[in-house]
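Got your viewer open? Let's take a walk through this structure, one selection at a time.

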Amino acid sequence: MTQITILSSINFTEAQLNKLRAVSDTVEVHQLPDTPVAEIPEALRNRINILYGWGKFVVEAHLCPKLDWLQTHSAGIDYLLDTPLWPSQVKISTMNGIHAIPMAEFALTMMLAFRWKLPTIRRFQQRAEWVTERWETFAGPELRGLTLGIIGYGAIARELARQVTALGVRVLAVNRSGQRQPDRGFREPGTGDPQAMLPETIYPSSQLLTMLPQCDYVVVLAPSTTDTYHLINAAALETMKPTAVLINLARGALVDEAALVNALRQQQIAGAALDVFEEEPLPADSPLWQFENVILSPHVSGFTPHYDERASDLFVENLRRYLNEEPLLNLVERSRGY
């Protein structure tokens, strides 16, 4: 059988690499951590059939003449859209699904933080001040009975829906089609919403403004494409409740930050939690740093100590499928942009 050469630019453990080698005797696995494609020795680069990595380390993947498949170490692939690889015939698959648990937990944490006004609690603590009007200061509605609107209904959204449904939260969602589609990607056993049955209603993206006025929390989890650029704009923010909170864990480009700053200044919404930004790192002069009702985090919601283990498991399964000419999990559909 033909030898298959794999190169990883991620620093997998030897045990994780051995899982790949165990798939087939035809597999030859190499690893050059944090090495851009252009810096791979030419003799090896010219033999690579499968490349594993993400971001700046794979944007020149087209320099591998025998490359047939790129498995990314990330769920988002917006960094590939303007590269020579995008219009090529090279298969691209993603890590969609392995972030579902930590990112759903992060979103729920932000919801609870606003429900209990944790930024306010922290400010009083820093001043060593006991709040005299504590009931009035911290009174707020329980999550139970409130409505969560999720923009994008992929793996992360489905796990978030599962978690909040257990707390009695009503779930609405928006996806491209408005249809309840089964989850055919990677999923940890016992997680998610495989048949998309948890949302009360799934709206097509054209009806986003119908969903938003109903929501107490809005979590943005859609992919970054030309269609989703500034999906949350001034018009969208104007439809939201003044008591609603916006949470963006997707990509910064989905939210018009200038419009968001204006909405916060005008108190059109109650607050925001942002893990992603139009420019990262977020510039020190961004007005977003100044709002007491905004929680900012440095693009960390997908972090988990289980990341590489789950990633290697998904890569192993996809390698098995690749060698057996079966459909890959999380195969990118270029016509959709993700």
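Before we click on anything, a word on names: helices and strands here are DSSP runs, at least four residues long for a helix and at least two for a strand, and they are numbered from the N terminus. Keep in mind, too, that you're looking at a predicted model.

**Stop 1: the sheet.** Select β1 (4–8), β2 (27–31), β3 (50–53), β4 (69–72) and β5 (91–93). What order do the strands of this open sheet take? Read across and you get β2-β1-β3-β4-β5, with parallel pairing. β2 and β5 stand at the edges with a single partner strand each, so one side of each has no neighbour in the sheet. Turn the view and look for the twist, which averages 15° from one strand to the next.

**Stop 2: one pair up close.** Now keep just β3 and β4, which pair in the parallel sense over four bridges. Which residue of β4 is the bridge partner of Y52? Show Q71, and you've found it.

**Stop 3: a helix across the strands.** Add α10, residues 307–323. This helix lies across β1, β2, β3, β4 and β5, and it runs at about 160° to β4.

**Stop 4: a cavity.** Time to hunt for empty space. Rolling a probe the size of a water molecule over the atoms shows where such space is left. How many cavities of 30 Å³ or more does a search of the whole structure find? Just one, and its volume is about 70 Å³. To get there, select G97, A100, A155, R187 and T191, which lie nearest the centre among the 13 lining residues. Two elements give two or more residues to this lining: α3 (100–115) and α6 (155–165). α6 gives the most, with three residues. Colour the lining by type and you'll see five nonpolar, three polar and five charged residues.

**Stop 5: a pocket.** Last selection: F114, K117, T243, V245 and A270. These lie nearest the centre of the second largest pocket, which is lined by 19 residues and has a volume of about 410 Å³. Which helices should you highlight around this pocket? Try α3 and α4 (118–126), since each supplies at least two residues of the lining. Colour this lining by type as well: 10 residues are nonpolar, four are polar and five are charged.

Notes:
Residues numbered from 1 in each chain as written. Predicted model: local features only at pLDDT ≥ 70, side-chain atom pairs only at ≥ 80, totals over all residues. Heavy atoms only, no water. 1 Å grid on protein atoms, 1.4 Å probe; cavity = no way out; pocket = protein on both sides within 12 Å on 5 of 7 lines; lining within 4 Å. Points joined across faces, edges and corners; volume = space filled by probe spheres on them. Nonpolar A, V, L, I, M, F, W, Y, C, P; charged D, E, K, R; others polar. Pairing = 2+ DSSP bridges. Axes fitted to C-alpha atoms, helices over the stretch in contact; angles between N-to-C directions. Contact = heavy atoms within 4.5 Å.
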